[in-house]
Amino acid sequence: YFPVNSPLLKGDEVKKIDKLLAALNAQPDSTATISGYHSASGKLAANQQLAKQRAFKIRDALVAAGVAASRIKLDKPQQAEANVKGEDPFARRVEVTVK
């Protein structure tokens, strides 16, 4: 999960990229589809932009680690289900599907 209002990964979350890289390296013909998520609270346009920035961060990390950009696809930002209590950590995520 990303910090609130941030596209930067910190701490143990960075290690999850290593697992993703291992999966992509084990399947050289596979592609990764990345989709950023955002919460339902706040302004939609700002949330969508933040979700895109988070997806771009993951894409950039994969490319920097040697994954060809042609193997990476970006999907449109997704809104997590509304959380009536406000901020939802589950909404501050990026999902990657490897096929």
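Begin with the whole chain in a cartoon view, where this predicted model shows two helices and four strands. Following the chain from its N terminus, you meet these elements in the order α-β-α-β-β-β.

Stay with the full chain for a moment and turn it about its principal axes, along which the C-alpha trace spans about 40 × 25 × 20 Å. The radius of gyration is 14 Å, which agrees with the value near 13 Å for a compact globule of 99 residues. If you switch on the surface, the chain exposes about 6,200 Å², and carbon and sulfur atoms supply 53% of that area, while 32% of the 99 residues count as buried.

Next, select residues 15–26, which form helix α1, a run of 12 residues that reaches 17 Å from its first C-alpha to its last, close to the 16 Å expected at 1.5 Å a residue. Within α1, show the side chains of I17, L20, L21 and L24, which are buried. These residues lie on the same side of α1, because they cover an arc of only 105° around the axis. Now rotate to the other side of α1 and pick out K15, D18, K19 and A26, which are exposed.

What covers the buried residues of α1? To see this, add β1 (32–38), α2 (44–64) and β4 (94–98) to the selection, since these elements are included in that cover.

Finally, return to the whole chain and display its contacts: among those between residues at least 6 apart in sequence, 78% join residues at least 24 apart.

Definitions and conventions: Residues numbered from 1 in each chain as written. Predicted model: local features only at pLDDT ≥ 70, side-chain atom pairs only at ≥ 80, totals over all residues. Heavy atoms only, no water. Expected span 1.5 Å × (residues − 1). Buried < 20%, exposed > 50% of the residue type's maximum accessible area, 1.4 Å probe, protein only. Arc of directions from axis to C-beta. Contact = heavy atoms within 4.5 Å. Rg over C-alpha atoms; globule rule 2.2 N^0.38 Å. Areas by Shrake-Rupley, 256 points an atom, 1.4 Å probe, with all protein chains shown as cover.
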